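Colleague: Could you walk me through this model? I'd like the basics first, then the details.

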Amino acid sequence: MTATATEHLPVVVVGAGPAGLAAAAHLVDRGLDALVLEAGAQAGAAVREWAHVRLFSTWGELTDQAAEKLLAPTGWVKPDPATYPTGGDWAELYLQPLADVLGERVRTGARVTGVSRAGRDRIVDADRETQPFTVYVTSADGREERILARAVIDASGTWAIPGPAGGDGLAALGERAAADRISYRVPDLKDPAERARYAGRRTAVIGSGASAFTALASLADLARSEDGTGTHATWILRRGISGTTFGGGTADRLPARGALGLAAKAAVDEGHADAVTGFRTQEFERDGERLVLLAEDGRRLGPVDEVIVLTGFRPDLTFLDELRLGLDERLQAPVELAPLIDPNQHSCGTVYPHGVKELSHPERGVYLVGMKSYGRAPTFLALTGYEQVRSVVAAIAGDHESAERVELVLPETGVCGGAGLFEQPQTEEAADGGGCCAPAPALIPLGTTTPAPSCGP
């Protein structure tokens with residue numbers, strides 16, 4: 001089958017989150033057939049899992065232009081660009097209306113289990129690029145099917161695979177056995193069950209990014225409340241505390257982000273949380289119904305009642321195993337993109353908008369976009385994701401001039417620091433969910449969309 005012969009086939013988009021739905025909007029805008037496959041029951045399924053968390057990016061940085069164009073005829077009105085939505089607001093007021101407009105182009109309950117070339121495993125060269133992609137899908141009721149596609153855009157994000165507690169990047173000894181006491185998400189303390197889980201208890205929070213800040217601030221608020229007496233957090237960092245540990249504070253040009261760091265600092269200063277530095281978790285031990293954490297250097301911490309692990313996220317590459325991807329050996333991001341986002345090297349303001357050039361692979365016609373494209377790197381912007389899909393879709397449509405043109409200008413955002421490498425490279429911070437301006441982990445898993453060039457949530 002020639003390349004021309006595949007043009008009647010749809011472009012399959014994996015994931016109906018912000019980047020995936022934006023990709024579909026751009027495909028529709030160019031008259032291309034799009035099919036979005038979402039494993040969850042609703043569009044924005046991952047975003048809905050952190051619906052209680054407020055972004056510190058405004059509505060002005062959270063919508064895509066092609067999506068707005070598609071929504072306009074429906075009477076959709078963009079929320080006040082200067083206000084800060086929660087994840088739930090983002091899903092209900094933007095992602096769901098966009099999925100509704102796309103209609104049958106979006107299929108929920110459709111989990112992609114494999115992608116390859118028709119009749120070609122990753123070893124076979126013969127006529128490889130003339131063959132369509134084969135996308136294997138399992139529906140919620142267990143039914144399997146095979147879909148042919150002219151191109152594949154993987155916008156499935158990284159939310160499904162949170163980083164473990166172990167300081168070496170692996171699950172600590174006893175971590176799986178202690179699953180009933182460990183959470184990998186920022187708790188929703190407005191939910192009665194969640195509130196009861198942490199109220200009056202000691203909780204260890206592992207991580208150094210915005211999600212850890214959010215958890216610490218939330219637990220401190222609980223401790224100050226009438227039903228929160230005795231609530232206390234132990235904040236575990238793999239590195240030390242410096243002047244930038246809590247971010248830019250009042251000097252941050254993104255006020256909500258600065259306020260988040262200050263709230264975490266207040267939790268420590270007021271005694272609602274203790275900070276333990278240089279602690280690389282190696283093992284969890286049971287102490288009755290509680291847990292004791294052991295570090296690689298032999299230190300013991302606890303006992304604690306609960307543990308919240310917020311150490312970043314990882315891409316699921318298993319269903320892409322038969323494709324020839326060019327991924328950086330450390331970040332699991334496209335090789336051309338990796339040097340721009342490597343938390344061992346870059347600092348805030350050094351990641352510029354990018355597109356198809358940096359996102360291409362040896363396997364032509366397949367692209368990882370959105371948070372998935374950053375692999376394990378923690379700093380991501382949804383605006384950057386929207387520029388990625390604009391460029392990629394232009395390339396698929398054959399408009400190479402547009403694909404190679406950068407159409408997004410990201411202004412400076414000032415002080416970042418906080419969770420990562422503001423002062424000097426520290427390799428372990430990439431694994432710790434650290435990074436220039438904090439990871440997005442549970443706070444904004446698909447990438448907070450601050451106007452910063454490189455500073456995620």
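Modeller: Sure, one term up front: contact means heavy atoms within 4.5 Å. This is a predicted model, where local features need pLDDT of at least 70, side-chain atom pairs count only at pLDDT 80 or more, and totals for chains, interfaces and linings use all residues. Residues are numbered from 1 along each chain as its sequence is written, and side-chain values use heavy atoms, with hydrogens and water left out.

Colleague: Among contacts between residues at least 6 apart in sequence, what percentage join residues at least 24 apart?

Modeller: The count takes in contacts between residues at least 6 apart in sequence. Those joining residues at least 24 apart come to 70%.

Colleague: How many helices and strands are there?

Modeller: Both are DSSP runs numbered from the N terminus, helices being H or I with at least four residues and strands E with at least two. On that basis the protein has twelve helices and 16 strands.

Colleague: What is the strand order in the open sheet of five strands?

Modeller: Two strands pair if DSSP finds at least two bridges between them. The edge strands, each pairing on one side only, are β3 (106-107) and β16 (366-368). Inside the sheet, β1 (residues 11-14) and β7 (residues 151-154) run parallel over four bridges, with V12 partnered by V152. The pairing in this sheet is parallel, and the order is β3-β2-β1-β7-β16.

Colleague: Which helix lies across β1, β7 and β16, and why is it called largely enclosed?

Modeller: The helix covers residues 382-396 and runs at about 175° to β7; axes are lines fitted to C-alpha atoms, for helices over the stretch in contact, and angles run from 0 to 180 degrees between N-to-C directions. Buried means under 20% relative accessible area, exposed over 50% and partly exposed in between, with a 1.4 Å probe and protein chains only. Because 15 of its 15 residues are buried, the rest of the structure largely encloses α10.

Colleague: What kind of residues make up the contact of α1 with α4?

Modeller: The axes of α1 (residues 18-29) and α4 (residues 87-102) come within 10 Å and cross at roughly 35°. On the α1 side are P18, L21, A22, A24, A25 and V28, meeting W90, L95, L98, A99 and L102 in α4. Ala, Val, Leu, Ile, Met, Phe, Trp, Tyr, Cys and Pro count as nonpolar, Asp, Glu, Lys and Arg as charged, and the others, Gly among them, as polar. No polar and no charged residues take part, and eleven are nonpolar.

Colleague: Is W76 buried or exposed?

Modeller: W76 sits in the loop between α3 (65-71) and α4. Leaving out residues up to four places away in sequence, W76 touches T63, E68, L71, L93, Y94 and P97. Its relative accessibility is 16%, so W76 counts as buried.

Colleague: Which residue takes a positive phi in the hairpin of β12 and β13?

Modeller: These two strands pair in the antiparallel sense over six bridges, and R286 stands opposite L291 in β13. The hairpin has two residues between the strands, and the positive phi, near 65°, belongs to G288.

Colleague: And in the hairpin of β13 and β14, which residue takes a positive phi?

Modeller: β13 also pairs with β14 (residues 300-304), antiparallel over three bridges, and L294 stands opposite R300. With four residues between the strands, the positive phi near 95° falls on G298.
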